[in-house]
Amino acid sequence: MGSEREHGASLQFGGTELRFEDAPGHAKHHLFVHFEAERCILAGDAFGLAHAHSASPERVGPSFPSTSPVQFAPEAMKSTIRRIASLQPLRVGVSHYGWLGEIAERADQLCDLVDQHVALAQKYQGEALTHALTELLPEEWRPYFDLDLPVNAQGLEIWQAQKA
């Protein structure tokens, strides 16, 4: 049976409790699933994205916020990231691409990057914004985010337009 919680609902599934919690910031409809006993969370895009290194798949690069598609909300995103970290999971699964460790450190980095995204969106548009976002990444990881960065820039531009 399921039950209501402060941020969502829970469900017993095969002896495991799944807690479903709202995760706004990337998109209003997002949620994350907390497997409390296993100390892991499936976060979708709510905890950013990260890529595995092609030469060493066990090596995962930096986390980066996902500011697309059209419902980016910076304060809500940081709140969601902090809530995920406050649950002290050992690992967080992100849609793009896989399981992450070092959750507290990644959460701090993600929140800082959200603030940097906002500052850049207030200063740049178009190709200049995409280039500025690229500069936030360590050089060796930039090629892995080639498809993500223009989409992040578009999401930031839509967010800016909606604020006006």
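This passage looks at one buried serine, the cysteines and the largest nonpolar core of a predicted model. Residues are numbered from 1 along each chain as its sequence is written. Because the model is predicted, local features need pLDDT of at least 70 and side-chain atom pairs count only at pLDDT 80 or more, while totals for chains, interfaces and linings use all residues; side-chain values use heavy atoms, with hydrogens and water left out.

A good starting point is Ser66, which sits in the loop between strand E5 (40-44) and helix H1 (74-86); helices (H or I, at least four residues) and strands (E, at least two) are DSSP runs, numbered from the N terminus. Ser66 has a relative accessible area of 6%, so it is buried (under 20% relative accessible area, with exposed over 50% and partly exposed in between; 1.4 Å probe, protein chains only). Beyond its neighbours within four places in sequence, Ser66 is in contact (heavy atoms within 4.5 Å) with His26, Asp45, Gly48, Leu49, Met77 and Asn152.

Turning to the cysteines, Cys40 and Cys111 are both buried, each at 7% relative accessibility. The structure holds zero disulfides, a disulfide being a pair of cysteine sulfur atoms within 2.5 Å.

The largest nonpolar core (buried Ala, Val, Leu, Ile, Met, Phe, Trp, Tyr and Cys residues joined through side-chain atoms within 4.5 Å) has 35 residues, of which Phe47, Ile81, Ile84 and Val92 touch the most other members. Elements giving two or more residues to this core include E5, H1 and strand E6 (91-94). Helix H2 (103-123) gives the most, with nine residues. Leaving out residues up to four places away in sequence, Ile81 touches Ala46, Phe47, Ala107, Leu110, Cys111 and Val114.
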